[in-house]
Amino acid sequence: MTLQSFMDESSDGEYNLKPGKFKGTMMKKSSMRRPAPKDAWTDSFYQDPAATGASNENQYPPIPDGPFNPTNYSGTQINVWGAPPGSWPGMNANNGMVMFGTGPPVPPYPVQYGFLTEQMIKGLKPKEEHHKSEGVSLSEIRKLMEESMPKVPQPAIEYRPVWKDPPLNPVSPGNDDYQGNILHIFAHLLNMAKSKNSFKKNIGEYKMGKILEAKLEDEGDGYGLKIVFEKPGTQRGMNDKAVAQTIKKTPPKETKPRPVSPPKETKPKVVTPPPAPVSKPVEPPQPKPQKKADAYFEKEIENIPCEGTLKPFEPFNAEADAEVLHTAMKGIGTDEDALINVLAYRASPQRAQIITTYKTLFGKDLVADIKGETSGNFCEALKGLCLKPAEFDAHMLRNAIRGLGTDDDVLIEILCTRSNAQIQEIKKVYQEKFQKSLESDIIGDTSGHFKKLLVSLLQTNRSDSKNVDRNMANQDAKALYQAGEQKWGTEESQFNKILVSRSFPQLRATFEEYKKISKKDIEEVLQSEFSGNILSGLKTIVRCVKNRFHHFARQLEKTMKGLGTDDSTLIRIIISRCEIDLVQIKEEFKNLTKQSLEQYIANDITGDYQRLLLALATGGAPPKAKAGKAFVESVKYKTDEQLDAEVKMENEPKKETPTLKPFAGFNPEQDCEVLRKAMKGIGTDENAIISVLGYRSMEQRQKIALTYKTQFGKDLASELASELSFNFKTLCVDMLLGPAEFDAKQLNKAIKGLGTDENVLIEIICTRTNDQLKNIKTAYKTLFGKDLEADITGDTSRDFRRLLIGCLQANRPEGTEFDRNKARQDAQALFDAGEKKWGTDESRFQAILVSGSYAQLRATFQEYAKLANKDIEDSISSEMSGDLKKGFLAIIRVIRGKAAYFASELHRAMKGLGTDDDTLVRIVASRCEVDMVEIKEEFQKAFKQSLAMFITDDTSGDYRKMLLILIGDPPSK
């Protein structure tokens, strides 16, 4: 037993150190070696402690290197082999001890024997105490050892640093002290976490890696700090690109010294205010992806950052929405716009609540009413929106299975792209809705390896681990290689096993390893080894593993490519992905096809069906209810205060939003030289003409025309007319006119000759302000020597003539004041003149609509809707006809939104077969320096396509190029 053994034992047991005897537990004999002979305990082996180095009076002797010479603190050597040092070489026995070789000479240092003897123990005790006891307790040994050990000074206690928050100072040190600034940021982050539980919860929730990006920006009224941390297990950006970490330092502002007045004078000191901070353009922070509205969408296979186009609507009111839907389908006809504006802009849980509320309020099933009021693909899409996500998938699968034949593409699209949790929910809903097992139905309707693949997916046994095992990936890659390329035929079960059970991150690693082994992409291998539905299923899994967004973009392209449209697939993908990742799918679609998804949809389908899918694909806020049944429902229950607030908001003056602005560095002489050179000699340089006229404001163009005539003695308009042709000529020549001259010319063109273009008269006379109308009349007299009113009187008749002449008086009040009581009186007068009587008193409508201010008429339209339970536009449409109806509707629509009115006119000019180029040129040329930005926004909202896309599709050549430049969307070179 070693001394360490003594130290480890409890001090309660006492040991008798007489040879071969002890008190307490019996000593066990070692089976590894013979026990030391009894002679080893005799007095002949006793050495003086000083001689053995056990005394604390002398220095410890040097100890030979080796594993068998440990020395304890008391100075005695413990040799587990039972032999003194120096006895290792050779193999002979000495005194019962194993010795190796003959042994070396006596070492020059005091010999330490590998025994613990009673005499040595006694040597540690005072001689007068030897007679007290033959046995020594363990506690006594410990005490003696502590007394005999050299007094080594105790090391100083090293205390762990106590956590202390950095000081919370109001201002950081700055002046290039980056460490002080970082501590300042750290201190305030800690303070925010302590004071705001939401921030503390968010920042403590995630495991973050190292910093990848850091950017500090001066935002004028504050500093913006953006830090991007590594997300463990997710790679950011390209593999071969290092992410730059940049911290933009804001230079300190220079403080100018105050000029101080001389001491003799008593004038006050002049203080120069510090320069105002120059705000730098700051990139808007990327919004954090919001949590999905439905729990089903949160169960996607991988938690990849993505965003849907359809988001929850706020403020949501299920009862109000149910009322709008019921009104839209009540009576004769259906208000499809109302159906779209509700169902296409509410998230899945909100739509479910609307359906329940609809049944509660009206005792009817909303889906049944939709089926009775709509038809075709529009009806199918609306019905799909009325289903919860899992119900939608279950119904799609049921429709694919039942009846003759099976739509295998639907089975592949749903089962090969959904997660374990989603498939489990689909199976549950399928059983509840149809009292059948989805697995049994699929087994009965499919066969072969395709059936095995689908049944395997239905087991929902795919690993959800985010970790990647490279060894497993290599083994799986080899297994796939051996099951396919390396053998004659294909072992389909091996592909099925790996592609169905491994996690997506693991499969990505497997595909990488496979390419190293085979030098081929896994898709290429599947194409050569499989065919039919099993090939489509496996390729769908592989493509979703690689890039889920790209897979769905490809599927959408297939639905609309070539002749015809696969409407069922188009509806299914748009509805199922619009609340998950349609934003990213649209990006992949544009990369794939070089066109937007909205453009594809607009070109492939039409009508209400088109507008519904475009609303889902575009997203954003629903169009504000400014007319129709939706407007009536929106004002019906509002108080006067709420209605007044809306009128005041609409009366707020709007800034002009031109797309064509004055050219900086304008030089008319230089521009004239460019134009002359472009038209000189044979041929014409249209691009040079566009580069000048397409980028100069109206005033600059007029100055160019004057300078051109001064320098070259020629009229620029005549030169352009002789060199150019068709619509491009018309556009360029008309752009040299001022606004009043331009409108006057358009009116004269509409009146002269046989027939009259009433649409031009309505568009100009019913939409211009008082000052503009006065200028137009003056310009008309100057250009044509005629009175505009006289020409209109001669070319129009009856009520329509009276409407135009009334507008030309330019007598409309233009203030923002309005009277709610007068609005009620006018609404009653309009109701009495139309809806309430047999026939229509058109003069009453003219008296109110032509003489009232825009603010007063907005309030009147609200009161009319509450009184008649009908929108004023609907009443005019039902009470009037022809040009008079168009004129009144134009006035009302301009009052409700001038930009929206011109957007609808542009759409009318280009929709269907052919293009109304006169209207297109007139509106683009007259509005590009006024409100074309707002017109484009309204066009996009209303028709779910950009104005530039419409112009590109409907025009060509230099004419198209010029139009696109004027609306601020120049064609790419």
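In the predicted model, residues 66-83 have pLDDT under 50 throughout. This segment nevertheless has 48 contacts beyond four places in sequence. A further stretch, residues 109-115, also stays under 50 in pLDDT, and the model has 24 contacts beyond four places in sequence for it. Where pLDDT is low, the predicted coordinates should not be read in detail. For the protein overall, the average pLDDT is 82, and 78% of the residues score at least 70.

The largest nonpolar core comprises 101 residues. Leu-366, Ile-574, Leu-597, Ile-601 and Leu-616 are the residues with the most contacts inside this core. Helix 21, spanning residues 532-560, supplies the largest share of the core, namely 12 residues. When residues up to four places away in sequence are not counted, Leu-366 touches Leu-325, Met-329, Ile-354, Ile-355, Tyr-358 and Cys-386. A second core, separate from the largest one, has 95 residues. Among them are Ile-704, Val-760, Ala-890 and Tyr-901.

Glu-686 lies in helix 29, which covers residues 686-693. The relative accessibility of Glu-686 is 25%, so this residue counts as partly exposed, the range between the cut-offs of 20% for buried and 50% for exposed. With neighbours within four places in sequence left aside, Glu-686 is in contact with Leu-724, Phe-728 and Asp-958. Tyr-959 is 273 residues from Glu-686 along the chain, yet the C-alpha atoms of these two residues are separated by 9.9 Å.

Terms used:
Residues are numbered from 1 along each chain as its sequence is written. This is a predicted model: local features need pLDDT of at least 70, side-chain atom pairs count only at pLDDT 80 or more; totals for chains, interfaces and linings use all residues. Side-chain values use heavy atoms; hydrogens and water are left out. Helices (H or I, at least four residues) and strands (E, at least two) are DSSP runs, numbered from the N terminus. Buried means under 20% relative accessible area, exposed over 50%, partly exposed in between (1.4 Å probe, protein chains only). Contact means heavy atoms within 4.5 Å. pLDDT is the predictor's confidence in each residue, from 0 to 100. A nonpolar core is a set of buried Ala, Val, Leu, Ile, Met, Phe, Trp, Tyr and Cys residues joined through side-chain atoms within 4.5 Å.
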